[in-house]
Amino acid sequence: MPSELPLAPSRAFRGLGAFLWTELLVQAHEWLAMATSMVVQGVLLVFVWILDPSLLPVSFLGAILFSMFTMGQRVLNEAAYLRIDHKANDLYLASPITPEGYFLGMALGILTVYVGPVLAIGLLSLWVVPYTPAIGALLVVLALSVWLFSASTGYIFSTFFRDNRAIWAYSSLFFNLFGVLFPVFYPLSLFPADLRPIALVLPPSAAAALLQSSIGAISLSEGQIALAAGALAVEVTLILFAAVLWARRTSREA
Amino acid sequence: MTGEALWSDQLRKVYESRGAPPVEALRGVSLEVHRGERVALLGRNGAGKTTFLKIASTLLRPSSGRIEIFGEDVDLRPDRVRPYIAVVPQEGKPFFHLTPREQVYTYLRARGLARETARARTESAIEQMGLESVADRLAITLSGGQRQRTMVATVIATEAPLLFLDEPSIGMDPFARRDVWDSLRELTRKGSTLLLTTHYLDEAEVLSDRLYIVEGGRVLVHGTAEELKRSVGGTLKVTLQGPGLVVEEFQGFGHCVSDGSALTVIVDPQRLAELLQIAVRRQLTAGVGPVTLEEAFLRVVGRSINAE
């Protein structure tokens, strides 16, 4: 041991790649969870197909966004589970691995594993959604935005729980409220007019509204587009920033 | 700048929670761990060992006092301390859906070790912990002891300059515990420093160069195991039992502890014969053995280490 150690702080995001790989290996064993991750979306698509097939383009786009949202919510469960049950925070955070590397590595690992079924929905949607390169690019950007928002909020919320069982209820609340009740699977035009501004500022339904507008399923004013896009951009940026700061802060208990 | 691996001065920790009175877990703990040493914090459950370790390993903020690792203030610059520490957390578990080999390797990679180094250290740690036969089985299928060995393997493979081990051999069988002890000794030979908490007296005695006995958030005494045992006042313990037992007759021989049915007397070898003559006269059964750390702990703390 040298008498003077070359002490140097960790680089920002250190450990992200390796923890992503770790999480990927872990999640890859959860093949049943992967397979069942599309059940809700699949059932809702069947309902729409039976009730009004003309809404399928909107619902397929909604299913992709909903999947990205629930994938982010898996971060809530995983982060809390690893912290509470495995004490993984103690092992990984009292090390050169940065808290933000741990959080984003976990989130990206989950994304990498669960993106497969989403791509399958995306492929199926080719039959009904009138994609253009611009719409495809918009879908990718909006889906990733929804995922980032959801993963970031998931990580932040995960730090408040001391018992895994309490999380299930909240997790279910989040994705049912923001992903099912609000107009993600169905057009914004069917949502009560007075409540539409709320839908336009909530990330999943804002992203859905922008996509619905892009394929001509609904008509949005310039102001509504600006509101939805602006809110989404600001919220995603802020919550991601907050999650990184929160991860650093909560790497140490007060 | 201190050259100590770890140094703390008057470290305090008070846990505040709504609707409950504050709990003072540490009440001014001052200690030092020299580079290359193996030091144990020995204490009962709730003594404050884990709280100290969590503060030292940057996971918990102290209420007051100072703590430094390799001269860096742990509270002010945890980011500068973290590259040089590794922790086996209490009740930590490996990822259930990783094999021990994957667990160790991915952890080393996440810490920034090169592939080849990580691979070599993984194999070495797996071997040291006797995990070869289960190295490619998912952790979910392993026994509690094997999981704990996987956790220890994960951390010793880092060869970090300062290792914290919170009850490292809990749940292990005696053979596995010895493997862990051997590996930890080997690590300090390579230059690492070790701070472990334990409530196993044999572990503290066999493994540590020095130990601190902690009770109620305070360090009551510290020294080598031999020094602590000598402080008891004798080198032999005699346990006496029988209906004719009169405690007062033995109090002049040395420190006495009575648990109702039996009396333990700490005695110098020179007075052993005299004591045994009384025991024979009273028709008592007597067991004679060397003083252990258990007597030292009992003497210092006033209660057995297993007492709740």
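This is a guided tour of a predicted model, taken stop by stop in the viewer.

**Chain B as a whole**

Begin by displaying chain B alone as a ribbon, in which 10 helices and 14 strands can be traced. The C-alpha trace of chain B spans about 70 × 45 × 40 Å along its principal axes, and of the 308 residues in chain B, 54% are buried. If you then turn on contacts within chain B between residues at least 6 apart in sequence, 69% of them join residues at least 24 apart.

**Thr197 of chain B**

Next select Thr197(B), which sits in strand 8, the run of residues 193–198 of chain B. With a relative accessible area of 0%, Thr197(B) is buried, because that value falls under the 20% cut-off. Show the side chains around this residue and look for Asp166(B), whose side chain is in polar contact with the side chain of Thr197(B) at 2.5 Å. Leaving aside residues up to four places away in sequence, Thr197(B) touches Leu41(B), Lys49(B), Leu53(B), Leu165(B), Asp166(B), Glu167(B) and Pro168(B).

**Two salt bridges inside chain B**

Move to Arg66(B) and Glu68(B), whose side chains meet in a salt bridge with an N to O distance of 2.4 Å. The two partners can be compared by their accessibility: Arg66(B) is partly exposed at a relative accessible area of 40%, whereas Glu68(B) is buried at 9%.

Then select Lys237(B) together with Glu295(B), which form a salt bridge whose closest N and O atoms are 3.0 Å apart. This pair links distant parts of the chain, since Lys237(B) belongs to strand 11 (residues 236–241) and Glu295(B) to helix 10 (residues 293–301), 58 residues apart. Glu295(B) has a relative accessibility of 10% and therefore counts as buried.

**Where chain A meets chain B**

Now bring chain A back into view and select the residues in contact between the two chains, of which 39 come from chain A and 48 from chain B. Together the two chains bury about 3,800 Å² between them, and 60% of that area is on carbon and sulfur atoms. Across this contact there are 14 residue pairs in polar contact, counting those with both residues at pLDDT 80 or more.

To see which elements of chain A take part, colour helix 1 (16–28), helix 4 (56–84) and helix 5 (88–93), each of which supplies at least two residues of the side of chain A that touches chain B. The largest share of that side, 6 residues, comes from helix 1 of chain A. Sorted by kind, the residues on the side of chain A that touches chain B comprise 22 nonpolar, 9 polar and 8 charged.

**Salt bridges across the contact**

How many salt bridges are counted between chain A and chain B? There are 3 salt bridges between these chains, out of a count of 27 over all chains.

Select first Arg252(A) and Asp75(B), which form a salt bridge with their closest N and O atoms 3.2 Å apart. This pair crosses between chains, running from Arg252(A) in the segment after helix 11 (222–249) of chain A to Asp75(B) in the loop between strand 5 (72–73) and helix 2 (78–81) of chain B. Arg252(A), for its part, is buried, with a relative accessible area of 11%.

Select next Lys54(B) and Glu253(A), a salt bridge in which the closest N and O atoms are 3.2 Å apart. Adding Asp90(A) to the selection displays a network, in which salt bridges that share partners join Asp90(A), Glu253(A) and Lys54(B).

**Thr98 of chain A**

Continue within chain A to Thr98(A), in the loop between helix 5 and helix 6 (99–125). Thr98(A) has a relative accessibility of 7% and so counts as buried. From a polar atom of the side chain of Thr98(A), the backbone nitrogen of Phe13(A) lies 3.3 Å away.

**Aromatic rings of chain A**

Finish with the aromatic side chains, for which the count comes to 18 aromatic pairs over all chains. In one of these, Phe182(A) and Phe191(A), the ring centres are 5.4 Å apart and the planes lie at 40°, so the pair is tilted. Both Phe182(A) and Phe191(A) are buried. The last selection is a cluster in which ring pairs link Phe69(A), Phe157(A), Phe160(A), Phe174(A), Phe178(A) and Trp246(A).

Definitions and conventions: Residues are numbered from 1 along each chain as its sequence is written. Chains are lettered from A and ligands numbered from 1 in the order in which they are written. Side-chain values use heavy atoms; hydrogens and water are left out. Helices (H or I, at least four residues) and strands (E, at least two) are DSSP runs, numbered from the N terminus. Buried means under 20% relative accessible area, exposed over 50%, partly exposed in between (1.4 Å probe, protein chains only). A polar contact is a pair of N or O atoms within 3.5 Å; within protein, one must be able to donate a hydrogen and the other to accept it, and residues adjacent in sequence count only if both atoms are side-chain atoms. Contact means heavy atoms within 4.5 Å. Buried area is the accessible area (1.4 Å probe) that two parts lose on being put together, summed over both. A salt bridge is a side-chain nitrogen of Lys or Arg within 4 Å of a carboxyl oxygen of Asp or Glu. Ala, Val, Leu, Ile, Met, Phe, Trp, Tyr, Cys and Pro count as nonpolar, Asp, Glu, Lys and Arg as charged, and the others, Gly among them, as polar. Rings of Phe, Tyr and Trp (its six-membered ring) pair if their centres lie within 6.5 Å; planes under 30 degrees apart count as stacked, over 60 as edge-to-face and the rest as tilted.
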